[in-house]
Amino acid sequence: MLRYKLAALLPVLAALTLAALLALPGASPAASAPASRSAAVGLLTIDGAIGPASADQVVRGIGRSASLGHVLLVIRMDTPGGLDTSMRTAIKAILAAPVPVAVYVAPSGARAASAGTYLLYASHVAAMAPGTNVGATTTVEIGIGPSPPAGQPVPGGSGKNAPKSAQKEPASPMQAKALNDAAAYLRGLAQLRGRNADWAERAVRESVSLTAEEALRLKVIDVVAPDVPTLLAQLDGHSVNVLGQPRRLQTKGALLVEFAPDWRTNALAAIANPSVALLLMTVGLYGLVFEFMNPGAVAPGVIGAICLLLGLYALQLLPVNYAGLALIVLGLAFMGAEAFLPSFGILGLGGIAAFVAGALMLIDTDLPGYGIPPGLVGTLATASALLLFGTVRLALRTRRRPVRSGAASLIGTLCTVEQLGERRANEAWVKVEGELWHAISSTPLRQAQTVRIVGRSGLRLEVVPVENS
């Protein structure tokens, strides 16, 4: 009977199971269809020189925008230029991006000079706000060299539509090689995106610049828009080529998602600052020197090791002159050695001179925002000199003080006769700092007499009575 009842319940159980399966997400065609939602556009901002932090922000922003399924990523930019390695890292990320990237020079008054022009040409969509300019992409002279003669444009300048006669001829084969490489690189980006390649080469060789309206007329950019919503409205229906595949943008009324700089970007921007890198290196080396001077202090060694590693990490991100770095390390080593060796200040003064020279030539570029201010170098040199002379003065004062420990500290100490000798009256046992010593005197000694230690021979002390001392 129970078997028949169970058999009767089977259809009911099957119906309930089917209903449950249909109620699960994705079980039915209606449930599997994605809910309709508006398109989203990512937005990140670059304000300032393009460095390691900016390149990392672009790379991570493209990855995040692609993972969120955005139809477009807008990079709002205002930059005077930047480091070549960081610029190329960002361009590689844009060219390999699975999501369209629009570089937008904004707000009004902004510029895309030097490395910013390369990013603008590499983007799928190049846009500018009214009142902005682009160009002046001549490679900046690397290293410490003579200033350009009067009347010639400074490399990296922003002369507007400079005539060809104002073009500066490369002063050396190395500069000519760098100039040709930069011109070919920007021309290749222009040909890839179908933009004005002739003007791109002029921007490199002649440092010419364009306003937003002129750039649009010469087909250097695609759009001029006063703000981001207007830009998205104008790009709606615009066709771009993403990884070899045509794609039509649907940006009208899209939801704008701004990517604010996170802690990693802020930390990288702070560490990669040349001034901060120099401070970290200085604090790190001083911390290790103090740890070696006082083994077991722990704190100077820990802080110094951390600062030194952070400083070295920052320097490997920056265009460093290794001769300058070697001079800084040598100068700090000389100043540290001054506290141990009696060089009468020669090591210290030489260390300060080496530190100043190394700090001034540490960063091997003239890019704005990437030099070390001479005021900071002077401040660190002055602080190092004060610390050095303070250490030397303290060492000299310590040297003049009487000995406070060891066998030599017994000389001149007052003690009391505890027990007279059994054989001679000028021998006795005296108590010094809680210990009994065998003592001898040139005159007879008395019980409980106060004597002064004037010498020592092995385990025997030479004493004289206080009244005869």
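Tutor: Before we look at α6, note that helices (H or I, at least four residues) and strands (E, at least two) are DSSP runs, numbered from the N terminus. This is a predicted model, in which local features need pLDDT of at least 70 and side-chain atom pairs count only at pLDDT 80 or more, while totals for chains, interfaces and linings use all residues. Residues are numbered from 1 along each chain as its sequence is written, and side-chain values use heavy atoms, with hydrogens and water left out.

Student: What makes the reach of helix α6 close to the expected one?

Tutor: The expected span is 1.5 Å times one less than the number of residues; for the 21 residues of α6 (173–193) that gives 30 Å, and the helix reaches 31 Å from its first C-alpha to its last.

Student: Which residues of α6 are called buried?

Tutor: Buried means under 20% relative accessible area, exposed over 50%, and partly exposed in between (1.4 Å probe, protein chains only). By that rule L179, A182, A183, L186, L189, A190 and R193 are the buried residues of α6.

Student: Why do the buried residues of α6 line one face of the helix?

Tutor: Seen down the axis, they fall within an arc of 125 degrees, so they line one face, the arc being that of the directions from the helix axis to the C-beta atoms. The face turned away from this buried side carries exposed residues, including K177 and Q191.

Student: What covers the buried residues of α6?

Tutor: The cover, judged by contact (heavy atoms within 4.5 Å), includes α4 (84–95), α5 (115–122), α7 (197–206) and β9 (239–242).
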